[in-house]
Each structure stands twice: as C-alpha cells, then as structure tokens.
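Reader: I'd like to practise reading a model feature by feature. Can you show me the structure and walk me through it?

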Amino acid sequence: MKRLIAIALLSASAAFAQGYPSKPITFVIPFAAGGDSDLSGRNVAAHASKYLNNTPIVAVNRTGASGAIGAMAVRNAAPDGYTLLVARIATHAILPALDAKLPYKWNEFTMLSLIELNPYLCFVKSDSPYRNAADLLAEIRRSPGKLNYSTAGAGTSQNMASQYLMTLAGLTKDHAVGIHYKGGGEVTTAVLGGQVQFACNNAPTVIPQVKAGTLRALFTTPTRLAELPDVPSAAETGYPDMNKIVGWTALMGPPGLPKDVVDKWVEVFARLAADAEWQQGNARLGGIAAIRSPAETEKFVREQYELYDKLVTTLGIRQ
C-alpha cells in the first residue's frame, strides 16, 4: 500500500512539474461553423498551439439558444484550463442584457483576453437618394415609419446598431421599421434588393458590395477602414458613440481558473500580438487585432453589456 501511495504521489508531482497544459485543450465555439466566432477561434487555435509546446487545441461547435448552450458548457466546466470559450458580443453583451432568464451572467467567467474587433458599416443602396448619414436621419425624422431597415432578429447586433443610431439622433424606436431576416447575409441582400432602405452590418459582408459600387457606405465603426479609405468613421459623421457598435471575440474560461493558467494565456496572447501569421489571418477574416489584459478585457465586456442593457431598457424589448 505504501508503495502504491508513493507511486501515486510521484505521478502527481510529475504532472504538476509538467505544468499547464499537459493534454489537449478544447475551444468551445457557441455558434455554427463559418461565422465570426468560429473563424476567429480557429485562427487563435492554429497559432496559439505553438506557444503551448504544440499542445493540440480542438475547436468544437456547441450551437443553440443564441450561443447560450456553448457558454453554459464552459460556465459549468472544470476550472482547469482545458475547456475554454470563444465568446462573442451575443453571448456576453446582448443576450445577458436581453434575456432576464438567461442561466448565466456576463461576468461569471474568467476573462483571458479580447481577441479582435469586427468593424461595422451602416449603408444604403448605391442609387439611394441618401448620400450620407445626415440625409438618411433627416428623412427618418421627416417621415416617421416610412423607411425600413433589415436586421437578423430583434436581439442581434444588426438590429441594435440601427436602433442605437436612431436613439443617438434623438429618434424613437418607431421612426423606422425593422424587418427581421434569418442572418447577416440576408440583411445585406435586403438592401441590395430594395426591400429595405438601409441597414448596419458586419463590415466583411458589406465591403465587397461597396467596392463593387452596388452599396454606398454611410460610415464605419470604430475607425476608417483601409479597404474603404473614402468612407468616414462614425465620429466624423457626428455620432462618435456609434463606435461602441462593433462585433468582437474574446477567450474566456470557467469561473475560478488558476492563476498559472491565466498567466500562461496572457503570455500566449502577448506572443500572438507579435505573430505576423496570426495577424495576417485575422486581417483576412476582417478583424482588427485587439489583444488586451484580463482586467482590460473585463472592463471592455462590462461596458458592452451596460451599453446593450441600457438600449434594451430604452427599447422595451427585454424578454
């Protein structure tokens, strides 16, 4: 018996000495393959592995309930650093603000790092009479209920972006009518087809159409984009607070991750920030690299949650 105990203690000591990680890591992606969180998470997994002694990082899509199923899987996972969440604006800002019955809170996770920001564009069809944001908002103010905009659903960033723009302009939620579609691709297509007069959407789905001359971008967030150098930023159009409307991805773990695990990921992200291949992959996906410390990440996510909590209250759409 003593010999067995000695062997067990020796094995435990060896495992501890080996440190984190000593086995494959799972990235839980709470949305379907091909989306922003999926592509961003897999890009991190591909390059972070080499800074973790080539430990495999396996990306697993756990979809459903607007991202809540995947988020809960990580919320309830063992706090050992082997199950991490590729979190999105939906899982940690919009959904916690929108759904009073959500079984988790935005801050019930260990923040590791923000990964990237996804620029937004507000746009009209290229033959639209509205040449800029001022023209569009003046018409909405002049003729309440006349103009429509496309969204991917009531609780999506596409809907919140248009609603927030109207709020900043001193308009009510009824000044323009939101038409809900199944996804971001249809949001853009609806403007192209003339079913709606304007929309706001993730930049990567819109930029090709703007370059092709079929859509006119009114402004971008959070800054001007190299791909569209002539399109002003939201701040330049007089609505700097619209810069808060961005997509984003972050890496998080279950509550109570050990300090050595957190420190290891801080080190990994510091190395990714200088990794040209990761940067290039991120740029190809339309992301702006935004690596931050755990404390800075928590502050950013808190501000995003508070933004949408206030907006949901103003619009009266809390579920």
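Author: Sure, and let's begin with a cut-off: buried means under 20% relative accessible area, exposed means over 50%, and partly exposed is what falls in between. Keep in mind that this is a predicted model.

Reader: Then how does threonine 223 count, and where is its place?

Author: Threonine 223 has 40% relative accessibility, so it counts as partly exposed. Its place is in the loop between β9 (215–221) and β10 (247–253). Along the chain, alanine 234 is eleven residues apart from threonine 223, and their C-alpha atoms are separated by 7.4 Å.

Reader: While we're in that loop, which residues does a cis peptide bond join there?

Author: Here's the general idea: most peptide bonds are trans, and most residues other than glycine have a negative phi. In this model, threonine 221 and proline 222 are joined by a cis peptide bond, with omega at about -5°. Proline 222 sits in the loop between β9 and β10. A cis bond also joins tyrosine 20 and proline 21, where omega is about -5°. Proline 21 belongs to the loop between α1 (2–18) and β1 (25–29).

Reader: And which residues have a positive phi although they are not glycine?

Author: Asparagine 54 is one of them, with a phi of about 60°. You'll find asparagine 54 in the loop between α2 and β2 (57–61), and it is exposed, with a relative accessible area of 57%. Alanine 65 is another, its phi being about 55°. That residue lies in the loop between β2 and α3 (68–75), and at 52% relative accessibility alanine 65 counts as exposed.

Reader: On to helix packing. At what angle do α2 and α9 pack?

Author: Two packed helices are described by the angle between their axes and the distance between the axes. For α2 (residues 36–48) and α9 (residues 259–272), the angle is about 95° and the axes are 11 Å apart. The two helices are therefore roughly perpendicular to each other. On the α2 side, the contact is made by Val44, His47 and Ala48, while α9 brings Trp265, Val268, Phe269 and Leu272. Sorted by type, the residues of this contact are six nonpolar, one polar and no charged.

Reader: What about the largest nonpolar core: how many residues does it have?

Author: As a rule, in soluble globular proteins, nonpolar side chains tend to be buried together. The largest nonpolar core here has 58 residues, and Ile140, Met242, Trp248 and Tyr308 are those with the most contacts inside it. Helix α11 (residues 294–315) gives the most to this core, with seven residues. Apart from it lies another core, of 25 residues, among them Leu52, Leu84, Val86 and Val262.

Reader: Which residues does isoleucine 140 touch?

Author: Leaving out residues up to four places away in sequence, isoleucine 140 touches Leu147, Met166, Leu171, His175, Ala176 and Phe198.

Reader: Is threonine 188 buried or exposed?

Author: Threonine 188 is buried, since its relative accessible area is 4%. This residue lies in helix α7 (residues 184–192). Not counting residues up to four places away in sequence, threonine 188 touches Phe123, Asn201, Thr205, Val206, Gln209 and Leu215.

Reader: Now the charged pairs. How many salt bridges does the structure hold?

Author: There are 14 salt bridges. Take arginine 142 and glutamate 139, whose side chains meet at 2.7 Å, N to O. They are three residues apart in helix α5 (residues 133–142), so about one helical turn separates them. Arginine 142 is exposed, with a relative accessible area of 57%, whereas glutamate 139 counts as buried at 8% relative accessibility. Glutamate 139 also forms a salt bridge with lysine 146, with the closest N and O atoms 2.8 Å apart.

Reader: And how far apart are lysine 299 and glutamate 303 in helix α11?

Author: They are four residues apart, about one turn of the helix. Their side chains meet in a salt bridge of 2.6 Å, N to O. Lysine 299 is partly exposed, with a relative accessible area of 47%, and glutamate 303 counts as partly exposed at 40% relative accessibility.

Reader: Which residues are linked in a network of salt bridges?

Author: Asp36, Arg88 and Glu116 are linked that way.

Note on methods
Residues numbered from 1 in each chain as written. Predicted model: local features only at pLDDT ≥ 70, side-chain atom pairs only at ≥ 80, totals over all residues. Heavy atoms only, no water. Buried < 20%, exposed > 50% of the residue type's maximum accessible area, 1.4 Å probe, protein only. Axes fitted to C-alpha atoms, helices over the stretch in contact; angles between N-to-C directions. Parallel < 35°, antiparallel > 145°, perpendicular 65-115°, else oblique. Contact = heavy atoms within 4.5 Å. Nonpolar A, V, L, I, M, F, W, Y, C, P; charged D, E, K, R; others polar. Core = buried A, V, L, I, M, F, W, Y, C linked by side-chain atoms within 4.5 Å. Salt bridge = Lys/Arg side-chain N within 4 Å of Asp/Glu carboxyl O.
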